[in-house]
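Me: I have a two-chain model open and would like a close look at one place where the chains meet. Could you walk me through a single strand there, and then show me how the surroundings fit around it?

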Amino acid sequence: MQERLQKILHYLNSKGARYADVRYEEHLQQEIFVEDGSLKTLSNNFNSGTGIRVLFENGWGFAATDERGESALERIADRALEIAQASNKRAKKPLNLAPEPVHQDKFRSPYQKDPFEVSEKEKIEILRMATLKAKEIEGVARSTGSMQFRKINKIFASTEGSVIEQEIVVSGGGITAQAVGKGGFQTRSYPSSFGGDHSTKGWEFVEQMNLVEHAPKIGKEVVELVDAPEIEPGEYDIIISGNQLALQVHESCGHPIELDRVMGSELSFAGGSFLSLDRLNNLRYGSDHVTITADATIPGGLGSFGYDDEGVQAQRSYIVKNGLFVGYLMNRQTAAELGLRSNGAARADSWSHLPIIRMTNINLLPGEFTLDQLIAGIEYGFLLDTNKSWSIDDLRLNFQFATEIAYEIKDGKLTGRIFRNPVYFDITPKFWNKCDGVANESFWHVWGVPNCGKGQPMQVMYVGHGTAPARFRGVKVGVRK
Amino acid sequence: MKGENFYRNLFRLMNEHFTGMKFLCAVSNSEGALTRFANSEIHQNVFEKKSSISVLATKENRIAIATTNDLSINGLKETRKKLEQMLENSTPLDYEFKLPEVSVGYPVENLCDSVRKASAEDRAQIFDRIIKASGKDVQAFGYISDNIFENAVIASNGMFIYQAYSSAGFNFVALSDSGSGYVSSTAKGYKDLDVDKKIQRAIEFAKKSKDPVEVDPGLYTVILGPEAVSDLFFYFSYVCTNGYMHELKMSPSVRFLGQKIGPDYLNVYDDPSCQMQVPLIYDLCGKKRERTPIIEKGVFKNIFYSHGAALRFNKKPTGHTVSLEDLDFAIAANLVVEGGETPVEQIISQTKRGIYVNRFHYMNVVDPYEAMFTGMTRDGTFLIENGQLTRAIKNMRFNVKFFEFTQNIEAISKEIESTSGDYFPAVAPFMKVNNFNFTSKTA
């Protein structure tokens, strides 16, 4: 295949392309979904294809096909070139790519047990047992469990001479319990909602979740939750758990630091960003407790890889340092505009799509507190756990999150009382400046978010967020209905 | 485009290579191109061509699904081998599974020449028109796209369904010094998009948006543009019309189906026959889709049953199966909110005080049981004073319960428009609604 890709690059060079890269990818995916002990879905999906990106003078073109054979590749290369020429006719300014060393390398995400070597029977049985355990609890109306596995093999080659082969394995899963009562229907999830937790580790990641063991707890909680009260709207001191904080980081930090958003490329769809260029190294994004990195090098992080889809090596860089906003996520084109090296955030979800700036692992670094110490610092407030809903404005300022559950804190202790339908909202920098403590490394975990949507055509990317529970003072909780 | 004969041949090959296996398969092929622009420049220009075949095989009441984009004989043989292994590992369903009944239907081709022949240069020329209309004071952002889709449904019981259709779409954000406007449209072909006329509204809104003022949260009378109406009714359709969730008693439809939820002139359909829609004539199980009332004369009339949910709960499938992987999920693909009697100009002129909302951003479900939705305003929010859009206002967050929203509808415009939507295109009018709950502002 490498030879075939090189041939296409030579062909494009001979046609006058200023730069070109080509990606051949094979994606294998498995999904299992079980409901109340019965299998609902067992599916396997394999697809492969080639995407070619061409820069003709100052215009980009991209074309992709799943057709096989040399003539099909040549046809699609011609198509990409023709598109680049149409773009170039309207180009107004020179387009540059930040320099990147030539890489000839192979990368494999580190995993112990290939999830595709584990029998479907074993996976189904775990989900069957877990959902039955949850359903055993009186009052549970429905319990679901799912697992998702992915193996991506890709070859990248560019006219600059880079040739990179990568194999990335993704494993994930989770369970839910639902109950219906006078307070509507409620859901509790483990280890997180919307499909659970995901990682670029192997089967061992799912085994460590102990889904069966955790099923009764979410069953019991959800039954209590349907009859639980709602929080009286007001301002409270809150602790946000790691799995919810992952979404909080994702929406209010991960997206606004994408430099293509900042420069307007996403304005007509996902929106822009309040983190305009004049705010770099100037804005107090958060309190001193808030330090955030973009790190594609963490073993197992869902946003980890060896090289991005422009052939830039995976990196770790600061985004927020002790509260000060200091960095963006970049690709080679946007980095060149700032005179910097790309920090390797150009990613495509498939061979059929062009790489755009995506999150890698955007991590809130751990602090020094234990969870008990964070709780001990609250006179009256709540611990909010597990995301239920999210929404944020087009500049990523005004956000509102709902969580599955709120645990009451009184006089520095959890009281055992729970509340349903908690909602909190704020304005991004105001909120992060209210952070007065992050839990330490032993509470820190890289959560996988496998469904981040961006771009047109829409791309769904898997990204990670390292978080530990954190405390925030005086946040508005509850919505006037 | 592969053409009907390709799929007829595939039907023959499937029956040859899957002998002895009960199967249902959904085959698709698409060719799509999209030109994206920002800051009045083309920054992304792409084309993709892809196919796939998803085969659902069943044996002893077990099912398994394998999908591949290798449609060669070798690819089909590998798929069969994989399915046999999966069926061995699978466990029986908790309801009696049957393949869908054989649909009898003519092959459908809804293809527009404007899409069939479109090139990157054609899309760039539409971009040129947008830039010219925007002038030097307005920056242009958006996309122009065209797609050709082919779907076939093939089953071991002899079913063969084929449909091909085209679509063209665009959206456009006009950005001035201090404000923005937005329009979008999706249609069968380029000439129905109405680009030149629609972009004028976005440009006008952008120019009118200077110096936005802050408004306190609270209950307001609003006039929602078709983009905002489409989004609200899409979320209603997503949360409230899935028969599976209804049977589990986890849908608001349990309380509201059959109830009068809005005024007599509120009519909402899933309508593949609507000329302004991109029609999906058959669903993924080959079921012919009909124009179905969802809300008629203000009454919540119907919910939808996918193939799996219909089998489970002894209902008739309604033509809303959109995934073989989730046979229980159903949704309307051709949502049409009908227009009313009053011109929008008249609705605005009769409004003493209120807020005009052009578009919502990032809607989501806060509480599925209550059908409570949240989101932000965006790209054209104005104060209405004494029958006129007077001043731009800063964006606001809303939290509304859908069934309170419909009870508060005061007027529906005669004019309807096609909108691109985040998931499916929709057709919708302008709507005047009282007591719309804005809960926070961006400041």
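**A strand shared between two chains**

Reply: Happy to. In this predicted model, strand β3 of chain A (residues 59-65) pairs with β2(B) in the parallel sense, over 4 bridges. Two of the pairs are easy to find on screen. A:Ala64 stands opposite B:Glu48 in β2(B), and A:Phe62 has B:Val46 as its bridge partner in that strand.

Now turn to the partner of β3(A) within its own chain. Strand β2 of chain A (residues 38-56) runs antiparallel to β3(A), and 7 bridges join them. A:Ala64 is a good residue to centre on: A:Gly51 stands opposite A:Ala64 on the chain A side, while B:Glu48 stands opposite A:Ala64 on the chain B side. The two chain A strands form a hairpin with 2 residues between them, where A:Glu57 takes a positive phi near 50°. As background, strands of a sheet pair through backbone hydrogen bonds, either parallel or antiparallel. Here β3(A) has a parallel pairing with β2(B) and an antiparallel one with β2(A).

How well covered is β3(A)? Since 7 of its 7 residues are buried, the strand is largely enclosed by the rest of the structure. Both faces are covered: one carries A:Gly59, A:Gly61, A:Ala63 and A:Thr65, the other A:Trp60, A:Phe62 and A:Ala64, and all of these are buried. So A:Phe62 and A:Ala64, on one and the same side of the strand and both buried, are residues you have already met: A:Phe62 is bridged to B:Val46 and A:Ala64 stands opposite B:Glu48.

Let us step back to the contact between the chains. It brings 64 residues of chain B together with 63 residues of chain A. On the chain B side, strand β2 (residues 41-59) gives the most, with 12 residues. That side as a whole divides into 25 nonpolar, 24 polar and 15 charged residues.

The strand β2 of chain B has a role in another contact too, this time inside its own chain. The domain assignment splits chain B into domain 1 (4-195) and domain 2 (211-443). Their C-alpha centres are separated by 25 Å, and the contact takes 33 residues from domain 1 and 27 residues from domain 2 of chain B. On the domain 1 side, the elements giving two or more residues are β1 (22-38), β2, β4 (108-110), β6 (160-175) and β7 (180-187) of chain B. By class, this side of domain 1 has 15 nonpolar, 15 polar and 3 charged residues. Thus β2(B) appears both in the contact with chain A and in the contact between the domains of chain B.

Chain A can be read in a similar way. Its domain assignment gives domain 1 (2-226) and domain 2 (234-477), with C-alpha centres 21 Å apart. Here the contact takes 48 residues from domain 1 and 39 residues from domain 2 of chain A. The residues on the domain 1 side divide into 15 nonpolar, 22 polar and 11 charged.

For another sheet in chain A, look at the open one made of 4 strands in the order β12-β11-β10-β15, with antiparallel pairing. At its edges stand β12 (324-325) and β15 (362-364) of chain A, each with a single partner strand, so one side of each is left without a neighbour in the sheet. Inside the sheet, β10 (residues 292-295) and β11 (residues 316-321) of chain A pair over 4 bridges, and A:Thr293 stands opposite A:Tyr318 in β11(A). Helix α6 of chain A (residues 242-254) lies across β10, β11 and β15 of chain A, running at about 115° to β15(A).

Finally, here is the setting as a whole. Chain A has 10 helices and 23 strands. Its radius of gyration is 23 Å, close to the 23 Å of the globule rule for 481 residues, so chain A is as compact as a globular protein of that length. Buried residues make up 62% of chain A. Chain B has 11 helices and 18 strands. With a radius of gyration of 24 Å, close to the 22 Å that the globule rule gives for 443 residues, chain B is likewise as compact as a globular protein of its length. Buried residues make up 57% of chain B.

How values were computed. Residues numbered from 1 in each chain as written. Chains lettered and ligands numbered in written order. Predicted model: local features only at pLDDT ≥ 70, side-chain atom pairs only at ≥ 80, totals over all residues. Contact = placed C-beta atoms within 7 Å. Nonpolar A, V, L, I, M, F, W, Y, C, P; charged D, E, K, R; others polar. Pairing = 2+ DSSP bridges. Domains from an automatic or database assignment. Buried ≥ 20, exposed ≤ 12 C-beta atoms within 10 Å, placed from the backbone. Rg over C-alpha atoms; globule rule 2.2 N^0.38 Å. Axes fitted to C-alpha atoms, helices over the stretch in contact; angles between N-to-C directions.
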